[in-house]
Structures are given as C-alpha cells and as structure tokens.
Amino acid sequence: MSTHSVGSRIESQPRPRALSARPFALAVLGPLTSLSALPWAIVQPYRVTLLHADGQGFWWLFVEPPLLVILAGLAFHYFVARPLIDDFEKN
C-alpha cells in the first residue's frame, strides 16, 4: 500500500485560519447572548409563561423575553456576524 495517495489528499485540504480578536469577538457575541437567556429563564421561571399558561392569550405566550433574547442572539450571529467576519477575512 502506498502512502502517496493518502498524503496528497491531506495536504490539498484547506486549513482553517485562526480568527483574530475582532472577528472572534463577533463570532461569539451572538451565541453568548443566546446562552445568557438560559440562566435567565431558570432564575426567573415566571417569565416563561409556557410553564403556567392559565388563561393567557397567544401573544402573551409567544412574546417571552428569554425566547426573544435567544432569537436575537441567533439572528445576530447568522445575519450580522457571519457576513462581517467574511468581510474581515477578505481584507
């Protein structure tokens, strides 16, 4: 068995570049924001009205602060941070 074919495939794969401080901060800001909503929901469970939905309407159940923070963090990560990081890498 020749190791030449295996070695050439490994070398041809692009290596991921390490992020500098500014792109790294952008990359972790969204997920950290989303993760901060989990302890908030645990510390203040009365804010998550899905747990006790007695007589609450749809909008009261749908618009919950911890869930909105999770959505905001994910939206920032996918729609703001990733394009900015791509721009940093191009320059």
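Is Leu32 buried or exposed? I began with this residue, and with a relative accessible area of 53% Leu32 comes out as exposed, since the cut-off for that word is over 50%. Leu32 belongs to helix H2, and when I looked across to Leu74 I found the two C-alpha atoms 9.5 Å apart in space, although 42 residues separate them in sequence.

**Entry: the model and its confidence.** I note before going further that this is a predicted model. I looked up the confidence of the chain and found a mean pLDDT of 79, with 66% of the residues reaching 70 or more. I then went through the helices and saw that confidence is lowest in H1 (residues 4–12), where the mean is 58, and highest in H4, where the mean is 91. I remind myself that coordinates predicted with low pLDDT should not be read in detail.

**Entry: the chain as a whole.** I counted four helices and zero strands, and reading along the sequence I wrote down the pattern α-α-α-α. Of the 91 residues in the chain, I found that 15% count as buried. I also looked up the accessible surface, which comes to about 7400 Å², with 67% of that area belonging to carbon and sulfur atoms. When I took the contacts between residues at least 6 apart in sequence, 65% of them turned out to join residues at least 24 apart.

**Entry: Ser34.** I turned next to Ser34, which sits in helix H2, a helix that runs over residues 21–43. Its relative accessibility is 9%, and I therefore enter Ser34 as buried, the limit being under 20%. Setting aside residues up to four places away in sequence, I found Ser34 touching Val69, Ile70, Gly73 and Leu74. For one of these, Gly73, I looked up the spacing, and its C-alpha lies 4.8 Å from that of Ser34, with the two positions 39 residues apart in sequence. I also checked what the side chain of Ser34 reaches, and found the backbone oxygen of Ile70 at 3.0 Å.

**Entry: His77.** Which residues does His77 contact, once neighbours within four places in sequence are left aside? I found Ala27, Gly30, Pro31 and Arg82. His77 is itself part of helix H4, and because its relative accessibility is 14%, I enter His77 as buried.

**Entry: Phe79 and the surface patch.** I placed Phe79 in helix H4, which covers residues 65–90. Unlike the two residues above, Phe79 goes down as exposed, because its relative accessibility is 67%. I then looked for what accompanies Phe79 on the surface, and found a nonpolar patch made of Leu74, Tyr78, Phe79, Val80, Leu84 and Phe88, which together have about 560 Å² of accessible area. I note that Leu74 appears both in this patch and among the residues that Ser34 touches.

Note on methods
Residues are numbered from 1 along each chain as its sequence is written. This is a predicted model: local features need pLDDT of at least 70, side-chain atom pairs count only at pLDDT 80 or more; totals for chains, interfaces and linings use all residues. Side-chain values use heavy atoms; hydrogens and water are left out. Helices (H or I, at least four residues) and strands (E, at least two) are DSSP runs, numbered from the N terminus. Buried means under 20% relative accessible area, exposed over 50%, partly exposed in between (1.4 Å probe, protein chains only). Contact means heavy atoms within 4.5 Å. Accessible areas come from the Shrake-Rupley method with a 1.4 Å probe; for residues, only the protein chains shown count as cover. Patches are made of residues with over 30% relative accessible area and no salt bridge: like charges are joined within 9 Å, nonpolar side chains (Val, Leu, Ile, Met, Phe, Trp, Tyr) within 5 Å. A salt bridge is a side-chain nitrogen of Lys or Arg within 4 Å of a carboxyl oxygen of Asp or Glu. A polar contact is a pair of N or O atoms within 3.5 Å; within protein, one must be able to donate a hydrogen and the other to accept it, and residues adjacent in sequence count only if both atoms are side-chain atoms. pLDDT is the predictor's confidence in each residue, from 0 to 100.
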